Amino acid sequence: MSHVDAFIGALTAVGMTHVANRRVDGHAFAFAIFADVPIECGPHRGRTIERMAIPIPDDPMLPPPGIHTKPHVGTVGQKSVHASPLGPEWAYWSRPIHGYLPAQGIPRVLSHLQSIFR
C-alpha cells in the first residue's frame, strides 16, 4: 500500500468520504478529494464544504501544505487564501502544519484541518 493510499484510508476510517485523487503537473503530491466535509469551529462553523482537497506529499516525511476548498469558503487574496492549481472554482488555504512530525500522523492532520477555520 502506498503512502497516499494509507493516508486516504486513515481519513476515510474517521468518516471522511473520499471521492477522487488528482495530480497537477509540477506538484509533488496527490490531491485527495473528499466530499461534504463539515466545518466544526470558527466563523464558518456549521457549514459543509462540498469538496476539500488535501495535498498528500509524495514524501511521507512531509506534512500536507494546506487545503483546497470548493466552493471558496474564504476570499481569494485575503487571509492567506490563494488561487488553486485545481481550477478557478477552488481556493487554496495556505496553512502549513507547523512543527509537524511524521509520527504524529493522521490525528495531527485532522486537528490541523479544523484549526484552519478558526
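Contact means heavy atoms within 4.5 Å. The views below show a predicted model.

**View 1. Helix 1 meets helix 2.**
Three residues of helix 1 take part here: Phe 7, Ala 10 and Leu 11. They meet Ile 106, Val 109 and Leu 110 of helix 2. By class, this contact has 6 nonpolar residues. Polar and charged residues are absent from the contact. The two helix axes come within 10 Å. They cross at roughly 65°. The crossing is right-handed.

**View 2. The buried residues of helix 2.**
Helix 2 covers residues 105–115. Which of its residues are buried? They are Gly 105, Ile 106, Val 109, His 112, Leu 113 and Gln 114. These buried residues pack against helix 1 (3–13). They also pack against strand 2 (29–38), strand 3 (48–57) and strand 4 (67–70).

**View 3. The largest nonpolar core.**
This core has 26 residues. Which residues have the most contacts inside it? They are Met 52, Ile 54, Ile 67, Trp 93, Leu 113 and Phe 117. Several elements give two or more residues to the core: helix 1, strand 2, strand 3, strand 6 (87–93) and helix 2. A second, separate core has 7 residues. Phe 31, Ile 33, Ala 53 and Trp 90 are among them.

**View 4. Around Ile 67.**
Set aside the neighbours of Ile 67 within four places in sequence. What is Ile 67 then in contact with? One group is Met 52, Ala 53, Ile 54 and Pro 55. Another is Ala 91, Tyr 92 and Trp 93. Leu 113, Ile 116 and Phe 117 complete the list.

**View 5. Ile 116, after helix 2.**
Ile 116 is found in the segment after helix 2. Is Ile 116 buried or exposed? Its relative accessible area is 5%. Buried means under 20%, so Ile 116 is buried. Leaving aside neighbours within four places in sequence, Ile 116 is in contact with Ile 67, Trp 93 and Arg 95. Ser 94 is 22 residues from Ile 116 in sequence. In space, the two are 9.1 Å apart, C-alpha to C-alpha.

**View 6. Confidence along the chain.**
The protein chain averages a pLDDT of 89. A score of at least 70 is reached by 99% of the residues. Which element has the lowest mean pLDDT? Among the elements of the chain, helix 2 does, with 83. Strand 1 (residues 17–22) has the highest, at 96.

Notes:
Residues numbered from 1 in each chain as written. Predicted model: local features only at pLDDT ≥ 70, side-chain atom pairs only at ≥ 80, totals over all residues. Heavy atoms only, no water. Buried < 20%, exposed > 50% of the residue type's maximum accessible area, 1.4 Å probe, protein only. Helix = DSSP H or I, 4+ residues; strand = E, 2+ residues; numbered from the N terminus. Core = buried A, V, L, I, M, F, W, Y, C linked by side-chain atoms within 4.5 Å. pLDDT = per-residue confidence, 0-100. Axes fitted to C-alpha atoms, helices over the stretch in contact; angles between N-to-C directions. Left-handed = near helix turned anticlockwise from the far one by under 90°. Nonpolar A, V, L, I, M, F, W, Y, C, P; charged D, E, K, R; others polar.
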